[in-house]
Amino acid sequence: MTPEENDLLCRVTGDAPMGQLMRRHWTPVCLVEEVAEPDGTPVKARIFGEPLVVFRDTSGKVGVIAEHCPHRGPSLALGRNEEGGLRCLYHGWKFDIHGNILEMVSEPGGNRMAAGIKHPAYPVKEWGGMIWAYMGPQDAIPEFQPPAWAPTADTQVTIAKAVLPCNWAQILEGAIDSAHSSSLHSSDMVSTESVSGAEATDSLWLRPSNDKAPRLQIDRTPYGFRYAAIRIPIHNADVNDYVRSTVFVAPATALIPPNNLYNVANINVPADDTTTVFYFIAWGHPAQTPNTEQWRKFLGQTVGVDLDQNYRPLRTVENSFWQDRDAMKAGNFTGITGFPNQDVAMWCTMGAIADRTADHLGASDIAVAEFRKQMLKAVQVFRETGEVIGAGTYAIPKHICAFQTMVPKGTDWRTHEVGPVWETDKATA
């Protein structure tokens, strides 16, 4: 890649084409749990470089509005959330969830100034444990479509959130890279002859293959692509292949191969060019999917233990991500607890924006190379025609999902019928 292509892929703030493309999708702004209480504490958010404040008003409705008051610019995140609106502390101007000015107590009675000011505000949807906003053109707001990882209101969705000091694209490339898991996560995603497919325990994910060099095959689609990482299984390698199929849903979602109990996904929201809000998701049947406390503990992503109150990791480049070299000598591959934290260490040590001009890609990087080519082409098409990859008629079909399975050699994984892991079929998915 050239430096210009790297910038085009990565940069999202202001008029950057990739950010403008992303704004044509409904985007997660924060977790529902962060603004659960009517008239509760407002929450700051930053999406595509734009500072926002999120609040739930007295009636329980959520607003996503520009953070800075239009009257001289102080932060509304410090404001009073009361009686149906958010009141700025500086001069008492009050805004509803739609950005309308309800009161301007610092101005004389009869002043018509409020009628001429509309504070920036975005349409909102609560779904799948997240607050979503549409930050594209407000004269053409598309209907919200549930994401593939939260297809119905009764789906159990459990989310870990972390705010990471690096660009969104290098995180996404990690999420769609199947080959790295056999090395980086080998102490947490353990190869064993005791299972015939991926299985989850309280502390480990088990796999039926110790093949570290999978064969990758791509299936390009209007919503992104899906691909298979085909590995040699431990048992019956002469007749079977072990297939793990990942789905890239443009612009920034990965559907990750499930285990026997629940499905897994990841969505990466650019806060700005060098900061990303990383959401790691377990979803499926309520009886089989871990709850929030269990999931975050399993991942090493618990607020107050692994993250600060603003979801920023306490493991950092400066403290070597709490790497335990004695554990490594005893057999742990990375010495870093929690497999997402192992990923975070890789992503963050690439730098704030990875320099892809120096990359030497191999056969295991087919999905990464496809992501780069596809998104650069998508930006070009968007600039020329306004068409948006993964949106509208190009959205992912409802039947598409990630999967993992054992298949007879010669089976075309593209035509293999699968569905998301659910209680009734968890043993065979």
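Biologist: Which residues have the most contacts inside the largest nonpolar core?

Modeller: In this predicted model, W149 and F371 have the most contacts inside the largest nonpolar core, which has 98 residues. That core draws at least three residues from each of domain 1 (26-134) and domain 2 (156-426).

Biologist: And what is F371 in contact with, leaving aside its neighbours within four places in sequence?

Modeller: With those neighbours set aside, F371 is in contact with L9, W168, A169, L172, E173, I176, F225, F248 and P251. Apart from the core that holds F371 there lies another one, of 13 residues, which includes V53, C69, A77 and F95.

Biologist: Helix 3 next: how many of its residues are buried?

Modeller: Helix 3, spanning residues 168-175, has eight of its eight residues buried, and among them are W168, A169, L172 and E173, which also appear in the list of F371 contacts.

Biologist: What does the side chain of N167 reach at the start of helix 3?

Modeller: A side-chain oxygen of N167 comes to within 2.9 Å of the backbone nitrogen of A169 there.

Biologist: Changing topic, how many cavities of 30 Å³ or more does the structure hold?

Modeller: The structure holds three of them, and the largest has a volume of about 250 Å³. Its lining consists of 21 residues, of which G174, A175, H180, M189 and I256 lie nearest the centre of the cavity.

Biologist: Which element gives the most to that lining?

Modeller: Helix 7 does, with four residues, while helix 3, strand 15 (205-207), strand 18 (240-249) and strand 21 (275-284) are among the elements that each supply at least two.

Notes: Residues are numbered from 1 along each chain as its sequence is written. This is a predicted model: local features need pLDDT of at least 70, side-chain atom pairs count only at pLDDT 80 or more; totals for chains, interfaces and linings use all residues. Side-chain values use heavy atoms; hydrogens and water are left out. A nonpolar core is a set of buried Ala, Val, Leu, Ile, Met, Phe, Trp, Tyr and Cys residues joined through side-chain atoms within 4.5 Å. Buried means under 20% relative accessible area, exposed over 50%, partly exposed in between (1.4 Å probe, protein chains only). Domain bounds come from an automatic or database domain assignment. Contact means heavy atoms within 4.5 Å. A polar contact is a pair of N or O atoms within 3.5 Å; within protein, one must be able to donate a hydrogen and the other to accept it, and residues adjacent in sequence count only if both atoms are side-chain atoms. On a 1 Å grid over the protein atoms alone, a cavity is a set of points where a 1.4 Å probe fits but cannot get out, and a pocket is an open set with protein on both sides within 12 Å along at least five of seven lines; lining residues have an atom within 4 Å of a point. Grid points are joined across faces, edges and corners, and a volume is the space filled by probe spheres set on the points.
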